[in-house]
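Dear colleague,

I am passing on the structure we spoke about, so that you can open it alongside this message. My notes on what was found follow directly below it.

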Amino acid sequence: MVTVVVVIVVVVVVVVVVVVLVVVAVIIVVVVMSAVAIVLAEYLVQNKALVEGKNVLELGAGTGLTGMVAAALGGRVTVTEREEAMTHLMASVAHNTINKAWEISAKALDWTHSLEEYDFPALDLVIGADIIYIEETFQDLLRTIVSLAKSKSTLVLLSCKIRYDRDLYFLDLLKDHFNVEEVFYDRDRDIKIFSVIRFS
Ligand SMILES: C[S@@+](CC[C@H](N)C(=O)[O-])C[C@H]1O[C@@H](n2cnc3c(N)ncnc32)[C@H](O)[C@@H]1O
């Protein structure tokens, strides 16, 4: 009988510890992810001329937070995500743009697909928050950015929390096609924004 009680107590303790660890991990991921998007959104607010009246596309938009801020600042914005995340993105945009006259739409854009299947207007600004994080996606993401930013008249802004050396490796890959410059550093949140502009 005592043994059974001990086993039950141990199982309960283990389950509680696992649940707490998972919740903490999820909170950390959500807070860090949101922070990267917030830093880019704040940068756009401080540099409104980059978006006002401009064609803007957000890659890997998640909730679409940064894109919606760009739309609130007067940009004509397309927020994009892979197909699997579109329901969440469309719901977020629909919910947050009720009674707003913002020009914003949500479209599927998967970096692994050829851009020939998409029909986007010439872009003034491409933005991405926390999209440099899975090494397996780097070549597809690079190809997508190269295809969207066809000349130096398209500015690409990427906000990142540099967590691993591989994140820096992606910036090196970009440097084959673009001038890459750190334009902002949020020291408290350790988040950087890079401007990425074609050589010509
Ligand atoms: C770390 S989240 C960042 C989300 C949002 N930008 C933010 O900062 O809150 C990375 C995003 O990239 C998207 N993503 C990953 N692989 C993708 C792909 N192949 N095509 C398009 N989006 C992709 C994910 O769905 C995810 O929403």
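To begin with a single contact in this predicted model: a polar atom of the side chain of threonine 154 lies 2.7 Å from the backbone oxygen of leucine 123. Threonine 154 itself sits in the loop that leads from helix 4 (138-148) to strand 5 (155-160), and its relative accessibility is 5%, so that it counts as buried, the limit for that label being under 20%. Leaving aside residues up to four places away in sequence, threonine 154 touches Leu123, Asp124, Leu125, Val126, Leu148, Ala149 and Val196.

The wider setting is a sheet, which is open and consists of seven strands in the order 3-2-1-4-5-7-6, with mixed pairing. Its edges are formed by strand 3 (103-108) and strand 6 (178-186), each of which pairs on one side only, and neighbouring strands of this sheet are turned against each other by 20° on average, with direction ignored.

At one of these edges, strand 6 runs antiparallel to strand 7 (residues 191-198), and eight bridges join the two; within this pairing, phenylalanine 178 stands opposite arginine 198 of strand 7.

Helix 4, which precedes the loop holding threonine 154, lies across strand 1 (55-59), strand 4 (125-129), strand 5, strand 6 and strand 7. With respect to strand 1, helix 4 runs at about 175°.

With best regards

Technical notes. Residues are numbered from 1 along each chain as its sequence is written. This is a predicted model: local features need pLDDT of at least 70, side-chain atom pairs count only at pLDDT 80 or more; totals for chains, interfaces and linings use all residues. Side-chain values use heavy atoms; hydrogens and water are left out. Helices (H or I, at least four residues) and strands (E, at least two) are DSSP runs, numbered from the N terminus. Buried means under 20% relative accessible area, exposed over 50%, partly exposed in between (1.4 Å probe, protein chains only). A polar contact is a pair of N or O atoms within 3.5 Å; within protein, one must be able to donate a hydrogen and the other to accept it, and residues adjacent in sequence count only if both atoms are side-chain atoms. Contact means heavy atoms within 4.5 Å. Two strands pair if DSSP finds at least two bridges between them. Axes are lines fitted to C-alpha atoms, for helices over the stretch in contact, and angles run from 0 to 180 degrees between N-to-C directions.
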